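Please walk through this structure with me, from its charged pairs to its nonpolar interior and the packing of its helices.

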Amino acid sequence: MKVSRLVTPEGEKAQINISVRNLVEFLLREGDIDDRRGSVDPFEAMQAGSRIHRKIQSSMGPFYSAEVPLKFQIEYDDYTLGIEGRADGLVLDRDEDGTVVAATVDEIKGMYMDVMTFEKPVLVHEAQAKCYAYIVANEYQLETVEVQMTYVSLETEEVKYFNQIYTYEEIEEWFLTIIGIFKKWSDFQYYHKQELLESAKDLQFPFEYRDGQRKLVGDVYRSIFRQKILFMQAPTGTGKTIANVYPAVMALGQNLAERVFYLTAKTATAIAAKDAYSLLTKNGYEGKTIMLTAKEKMCMCDEADCNPDNCPYARGHFDRINDAIYEVITKENVITRDVILGYAEEYVVCPFELALDVSTWCEGIICDYNYVFDPNVYLKRFFADGKNGEHIFLIDEAHNMVDRAREMYSETLIKEEILSIKRYAKPVSKKLVNALDKCNRIMLEYKRECEKDITVFDDIDMLLTSCENVQMILEQLFKKEIKFGIYQDEVLDFYFRLRNFTALAYQQDKAHYRIYADFDEDKNFNLHLYCIDPSAQLQDRLRMARATVYFSATLLPIDYYKNLLCNEKDVYAIYVDSVFDPKNRLLLLGTDVTSKYTRRGDEEYLKYANYIRTIVNGKQGNYMVFGPSYKFLEDIYTRYEGFGDDVDIIIQQQNMTEAEREEFLGEFDKVRTKSMVAFCTLGGIFSEGIDLVGGKLIGSIILGAGLPQVGNERKLMNDFFDESGKNGFEYAYLYPGMNKVIQAAGRLIRTKDDVGVIALLDDRFRLSSYRKTFPREWKDAEFTTIDDISLKVTNFWRKMT
């Protein structure tokens, strides 16, 4: 449900506003969750019906008024409840004196189904019209009022009417009953907000401020107050999570915003945010905070098959959901996955849908980036209406956002997949077969143009028209619940990608996108909409926030991230100094090895293995070795293992399960009488977001500069940024690679008590272009070679001892 923010002007009674549609859809929803009923977004169906609305409205004659705004207010002791909406149609009959003596409220609903089979109106549709009818009857003091439900088939444009006349007493009793049911929800909204505001007044920062942390809190608060975007480079140990959450909560307490979204790509950072909110709650904060978890991780069934035949939690879900929501929001403050699962089991409702519904009553939402930014899965309940300034975005691990945004705003069509869907469509729809055949012929023309590795296209307008036709036909079939047998899931996946492709294609422009075609490893012909610069797409969503804070331990060079993560020029940027003593770590740059492809071979691999051996022999403990690829790691590991040293070795495997990851990290907890060396990939699951503190890790060894592999997209990216006046190599290769290096190095020093060696092994680290990406606290880095590294490591550990 969408309830507007509490408005409390000086000297006036507070007001809560809700739309008629949201009111009745929230209170009167009933029945099952059933994903078999079609996959077209209801918001998009509403948009598709707007044309029919206008057509009917324009045909109703001169006395018919269309899109009539209606409002009604109810005064309670402490606040006013405002109910508002827009009637599709209103006919007022007047006597000779101009006095309204009768009224008909018309509610038009366009449906992707045969409306002529309807025997009665849909409950929530009729309730919406009855709310409008009461408002009209009350305003004009009518003894009776007529409600007309107008149902239209969006395919055939057939129309069916349902008419009902109510006395004023009947419609008033019904309306006041509905409002009476809603009062406990509006009471919660008002009194909870008062508790939140009161609790935030004297809420103190939960720790003694570390060096620079008070300024950090002030910088975040000022950015929120001034409605700015802030970029924050904050090394490990600066307490950046609580330093962002606390000022955001204070801003909520001053009515500067409605809600805080804490966005992250990692479970560990989401848990850190939850812990920060829990600490504030323990200290008196009364806000509601929820952690949203992916649907597949919330489902209590063996398979996420959301229909009443296969899932008891989908069966009758809407009959019980409101009771579950009220129980959660009145009893819980920090709402985790386990909390939601407990209530979902008690009330027998879908836990994922329960979490989404509960989130509308929460001031803090901890979730993945895609819930805000991804055009396919973003939370429409918060962002579909396009309102600006209600939210605060706190974006953790923001260095991940560039690649994540490129994925969100890019899409690919595969010619061979179109042919497969065409085969599946033959027993189902000749119309669909013909539409797919036209798409395939156009793709075949593009394929003939693609004689080299990659071909760039200026436009694909002809294809888009055909794609839209396929999309429309599929939507009609889904609405009719026509199935594709065993290929149903495959067809659905194709539909969603096609819909995303066409939507992005109409938004894309040469300033941010490239359209190109190539062949994959299986010789399939791919047409890509590739978003190289996602700043404009991200900015569209950032405008819905009052303020945004991008923060990470690695946001250098800052201009790179400012250019790609927003397109505003007037943004703030701060650098937070590390709180750790640099004397606790030895930072070495090995200059006589390289991971360049032209130099790879036995001699180079053996040098790398010798570097690892020398560092590990310096002191017993756990070490992590990060390489640019699994193949490269295997080549180094083979040489290192050949030394026969008495050490334990573990290796990161591809596609590890959650249990395998936990087992891998569990090796660092074991008490050993010898060293352990863990071989991991740069940019992989163990190169960021993990904390191995208390002596669990004493060395981080990085093999190479982490540069991405050369490929079609990297070449396009390089040329794109060169053409736009930036350094293409740096934007396409250097900055993304060095980000991985700095993240991997950051696994070592996580607390003030941690000690160890960081070794960056590649001769490219001698170049100023690479070193300018180093954090400020790395200014003491020392050059080394395989000949003198043993002495440097030995001296360091002797000094530490």
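## Salt bridges, cores and a helix crossing

Because Arg406 and Asp403 are 3 residues apart in helix H14, about one helical turn separates them. These two residues form a salt bridge in this predicted model, with the closest N and O atoms 3.5 Å apart. The partners sit in unlike surroundings, for Arg406 counts as buried at 4% relative accessibility, whereas Asp403, with a relative accessible area of 38%, is partly exposed.

Helix H14, which spans residues 401–408, also holds Arg404, and Arg404 takes part in a salt bridge with Asp368 in which the closest N and O atoms are 2.4 Å apart. This pair links distant parts of the chain, since Asp368 belongs to the loop between strand S11 (364–367) and helix H12 (370–373), 36 residues away from Arg404.

The structure holds 42 salt bridges, and another of them joins the side chains of Lys674 and Asp646, at 3.2 Å from N to O. Lys674 lies in the loop between helix H23 (658–666) and strand S22 (676–681), and Asp646 in the loop between helix H22 (630–641) and strand S21 (648–651), so the salt bridge ties together parts that are 28 residues apart in sequence. Lys674 counts as partly exposed at 27% relative accessibility, while Asp646, at 57%, counts as exposed. Both residues belong to a network of salt bridges that also links Asp648, Glu667, Lys670 and Arg672.

From the charged pairs we can turn to the interior. In soluble globular proteins, nonpolar side chains tend to be buried together. Here the largest nonpolar core has 200 residues, and those with the most contacts inside it are Phe373 and Leu463. Leaving aside neighbours within four places in sequence, Phe373 is in contact with Leu263, Phe393, Ile395, Met401, Met408, Tyr409, Leu538, Arg541 and Leu542. Apart from this core lies another, of 39 residues, which includes Leu197, Met232, Val245 and Leu394.

Two members of that second core, Met232 and Leu394, are also touched by Asn244, whose other contacts, not counting residues up to four places away in sequence, are Val220, Val549 and Phe551. Asn244 has its place in helix H6, residues 240–253, and is buried, with a relative accessible area of 0%.

How do two of the helices pack against each other? Two packed helices are described by the angle between their axes and the distance between the axes. For helix H1 (residues 20–28) and helix H4 (residues 168–201), the axes come within 11 Å and cross at roughly 85 degrees, and the two helices are therefore roughly perpendicular to each other. Leu23, Phe26, Leu27 and Leu28 of H1 make the contact with Ile178, Ile179, Ile181, Phe182 and Trp185 of H4. By class, this contact of H1 with H4 has 9 nonpolar residues, with no polar and no charged ones.

A last stop is Pro557, in the loop between strand S17 (545–552) and helix H20 (558–565). Not counting residues up to four places away in sequence, Pro557 touches Tyr735 and Thr773. Pro557 and Leu464, by comparison, are 93 residues apart in sequence and lie 38 Å apart in space, C-alpha to C-alpha.

Methods. Residues numbered from 1 in each chain as written. Predicted model: local features only at pLDDT ≥ 70, side-chain atom pairs only at ≥ 80, totals over all residues. Heavy atoms only, no water. Helix = DSSP H or I, 4+ residues; strand = E, 2+ residues; numbered from the N terminus. Contact = heavy atoms within 4.5 Å. Salt bridge = Lys/Arg side-chain N within 4 Å of Asp/Glu carboxyl O. Buried < 20%, exposed > 50% of the residue type's maximum accessible area, 1.4 Å probe, protein only. Core = buried A, V, L, I, M, F, W, Y, C linked by side-chain atoms within 4.5 Å. Axes fitted to C-alpha atoms, helices over the stretch in contact; angles between N-to-C directions. Parallel < 35°, antiparallel > 145°, perpendicular 65-115°, else oblique. Nonpolar A, V, L, I, M, F, W, Y, C, P; charged D, E, K, R; others polar.
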